[in-house]
2 protein chains.
Amino acid sequence: MDNLVNLGFDFEPALIEEIKHFGELKHFKEGDIIMDYGKYIRMMPLVIKGTLKVLKKEENGKEILLYYLSNNETCSMAYSCCLEEKKSDVRAIAEGDVDIIAIPHNKLDEWLHKFPSWKNYIMRSFAERFSELLKSIESIAFHKLDDRLIAYLKEKQRLSGSSVIKASHYQIADELATSRVVVSRLLKILENNGKILLYRNEIKLLRDFDS
Amino acid sequence: MDNLVNLGFDFEPALIEEIKHFGELKHFKEGDIIMDYGKYIRMMPLVIKGTLKVLKKEENGKEILLYYLSNNETCSMAYSCCLEEKKSDVRAIAEGDVDIIAIPHNKLDEWLHKFPSWKNYIMRSFAERFSELLKSIESIAFHKLDDRLIAYLKEKQRLSGSSVIKASHYQIADELATSRVVVSRLLKILENNGKILLYRNEIKLLRDFDS
DNA sequence: GCTTTTCGGTAACAAATGTTACATACAGAA
DNA sequence: TTCTGTATGTAACATTTGTTACCGAAAAGC
């Protein structure tokens with residue numbers, strides 16, 4: 001918790017003191033569910049380390065990836081839910097080890113008045129989430145699956161910092177809201193074009209991957 | 001402007017006075033553009049009468065409908081843009097006659113501190129827009145075009161209060177980000193199934209439309 | 001009246017995606 | 001090792017959506 005000051009939050013010292021005092025440091029590991037459909041949300045997560053993925057599910061069970069949250073980001077939808085005592089529309093899952101600071105919901109509004117840096121942070125978060133959702137809509141509505149797959153792989157590369165992506169075709173299909181066979185087919189084409197190499201549970205992006 | 005008090009905003013009297021003083025009443029008519037791609041936004045629109053549609057466009061020219069704004073609603077994305085001096089990612093167009101109150105951007109933040117009812121309104125707006133965007137994503141990602149078309153027609157019916165919808169197949173295709181031929185095809189199927197009647201620039205929804 | 005433009009209907013085809021089914025390969029457990 | 005569950009490869013086919021082309025009807029302009 002002490003290294004909070006070093007993180008890129010840019011909060012004023014008094015606010016950092018309050019966060020240290022009222023915030024609760026929590027650890028999650030691969031696959032842990034931080035927020036879930038239909039559950040009330042009583043705290044707002046600030047992501048300190050690792051990555052969360054935020055998903056939306058349909059009645060029949062299909063899921064689609066909305067966006068990732070990583071360092072110093074937060075889920076604005078959690079904020080909205082906290083304020084209005086609403087149930088969550090989305091699910092957030094830890095990708096690997098994740099540390100968050102949980103801010104209790106009753107502080108959110110108080111800090112908004114007390115700390116300009118908190119207000120700015122919240123407003124910036126809202127804007128970023130809107131922008132991510134718009135990107136997501138753009139991707140689904142306007143791009144074909146092969147482009148979306150490539151974008152997905154790039155995003156995974158960016159977040160992990162590695163060009164070896166650990167995931168099964170099933171998982172990828174889930175997050176793109178399509179079927180495993182389709183993903184396998186498109187990945188095989190990418191491999192044949194010399195963009196990637198395929199292994200079990202692993203995809204290696206080659207140098208000329210983006211072109 | 002004087003009938004502002006009667007509208008469902010639920011603002012405190014002092015805030016209403018400020019809105020009357022600093023807000024500017026503006027009229028738009030069918031097709032007028034209130035916000036546009038790449039333009040800076042210097043005021044935030046409160047919709048008093050009529051309906052705005054909010055769209056997102058792709059590079060190649062295709063557009064897709066994100067959601068409608070009608071009575072007492074506002075565009076949270078405009079709010080974000082105002083605060084951060086950002087360019088708009090979306091376009092907002094008047095559907096028929098529209099009255100808005102334009103709130104100058106320098107008041108937004110000030111009122112946030114001064115008026116709890118303003119803060120609540122803004123926060124509620126953020127939550128509503130998120131929810132609309134999620135509905136939009138759900139629709140595009142999980143539903144086939146025929147379902148989306150039906151949902152689109154229902155929404156039009158709800159907003160206009162009439163089961164006669166004035167629109168060409170071209171317009172509908174644009175807002176669903178597909179082509180005219182596809183829309184005509186699906187509409188004809190609906191007509192053959194006794195759900196609707198088709199005329200030039202007009203679609204009449206029949207009684208057993210939803211089933 | 002005529003001409004032009006826009007709108008809608010339809011066919012024929014192309015492309016993208018989804019589905020089912022089955023084979024094989026691999027990893028870990030027993 | 002063998003067994004077993006999971007992951008992947010691939011074919012064949014169905015469905016959905018997109019595209020092009022052409023037609024005639026209705027509205028708008030002249």
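**Figure 1. Where the two domains of chain A touch.** In this predicted model, eight residues of domain 1 of chain A are in contact with seven residues of domain 2 of chain A. On the domain 1 side, strand β4 (residues 63-69) of chain A is the top contributor, giving four residues. Sort that side by class and you get three nonpolar, three polar and two charged residues. To find your way around, look for domain 1 at residues 9-141 and domain 2 at residues 144-209 of chain A. Taken over C-alpha atoms, the centres of these two domains are 27 Å apart.

**Figure 2. Chain A from end to end.** Try tracing the chain through its seven helices and eight strands. How compact is chain A for a protein of 211 residues? Its radius of gyration is 19 Å, close to the 17 Å from the globule rule, so chain A is as compact as a globular protein of that length. Along its principal axes, the C-alpha trace spans about 55 × 35 × 30 Å. Buried residues account for 34% of the 211 residues in chain A. Now think about which parts of the sequence meet: of the contacts in chain A with a separation of 6 or more, 68% are between residues 24 or more positions apart.

**Figure 3. Chain A meets chain B.** Each partner puts in its share here, with 24 residues from chain A and 24 residues from chain B making the contact. Two helices of chain A, α2 (76-84) and α4 (116-142), are the elements giving two or more residues to the side that touches chain B. Which element gives the largest share of that side? It's α4(A), with 13 residues. By class, the side of chain A that touches chain B has 14 nonpolar, four polar and six charged residues.

**Figure 4. Inside the nonpolar cores.** In soluble globular proteins, nonpolar side chains tend to be buried together. The largest nonpolar core in this model has 107 residues, and those with the most contacts inside it are A:Leu52, A:Ala78, B:Leu52, B:Val54 and B:Ala78. Helix α4 (residues 116-142) of chain B gives the most to this core, a total of eleven residues. Zoom in on A:Leu52 and skip its neighbours within four places in sequence: its contacts include A:Ile34, A:Val47, A:Tyr68 and A:Ala92. There's also a second, separate core of five residues, with A:Phe11, A:Trp111, A:Trp118 and A:Tyr121 among them.

**Figure 5. The surface around DNA strand C.** Both protein chains show up in this view, with 19 residues surrounding DNA strand C. The closest are A:Lys144, A:Leu145, A:Thr178, B:Ser168 and B:His169. Look for α5 (145-160) and α7 (180-192) of chain A, along with α6 (169-175) and α7 (180-192) of chain B, as the elements that give two or more residues to this surface. The largest share, five residues, comes from α7(B). The class count for the surface near strand C is seven nonpolar, six polar and six charged residues.

**Figure 6. The surface around DNA strand D.** Over at DNA strand D, 20 residues surround the strand, and the closest are A:Ser168, A:His169, B:Lys144, B:Leu145 and B:Thr178. The elements giving two or more residues here are α6 and α7 of chain A together with α5 (145-160) and α7 of chain B. Which element gives the most to the surface near DNA strand D? That's α7(A), with six residues. By class, this surface has seven nonpolar, six polar and seven charged residues.

**Figure 7. Two residues with a positive phi.** A:Ala177 isn't a glycine, yet its phi is positive, at about 55°. You'll find A:Ala177 in the loop between α6 (169-176) and α7 of chain A. Is A:Ala177 buried or exposed? It counts as buried, because it has 21 C-beta neighbours inside 10 Å and the cut-off is 20 or more. B:Glu85 also has a positive phi of about 55° without being a glycine. This residue is in the loop between α2 (76-84) and β5 (91-104) of chain B. B:Glu85 is exposed, with 10 other C-beta atoms within 10 Å.

**Figure 8. A closer look at B:His21.** This histidine lies in helix α1 (residues 13-22) of chain B. B:His21 is exposed, with 9 other C-beta atoms within 10 Å. Compare its position with B:Gly61, 40 residues apart along the chain: the C-alpha atoms of the two are separated by 40 Å.

Key. Residues are numbered from 1 along each chain as its sequence is written. Chains are lettered from A and ligands numbered from 1 in the order in which they are written. This is a predicted model: local features need pLDDT of at least 70, side-chain atom pairs count only at pLDDT 80 or more; totals for chains, interfaces and linings use all residues. A residue is near a molecule or strand if its C-beta atom, placed from the backbone, lies within 6 Å of it. Ala, Val, Leu, Ile, Met, Phe, Trp, Tyr, Cys and Pro count as nonpolar, Asp, Glu, Lys and Arg as charged, and the others, Gly among them, as polar. The radius of gyration is taken over C-alpha atoms; the globule rule is 2.2 Å times the number of residues to the power 0.38. A residue is buried if 20 or more other C-beta atoms lie within 10 Å of its own, exposed if 12 or fewer, and partly exposed in between; C-beta atoms are placed from the backbone. Domain bounds come from an automatic or database domain assignment. A nonpolar core is a set of buried Ala, Val, Leu, Ile, Met, Phe, Trp, Tyr and Cys residues joined through C-beta atoms within 7 Å.
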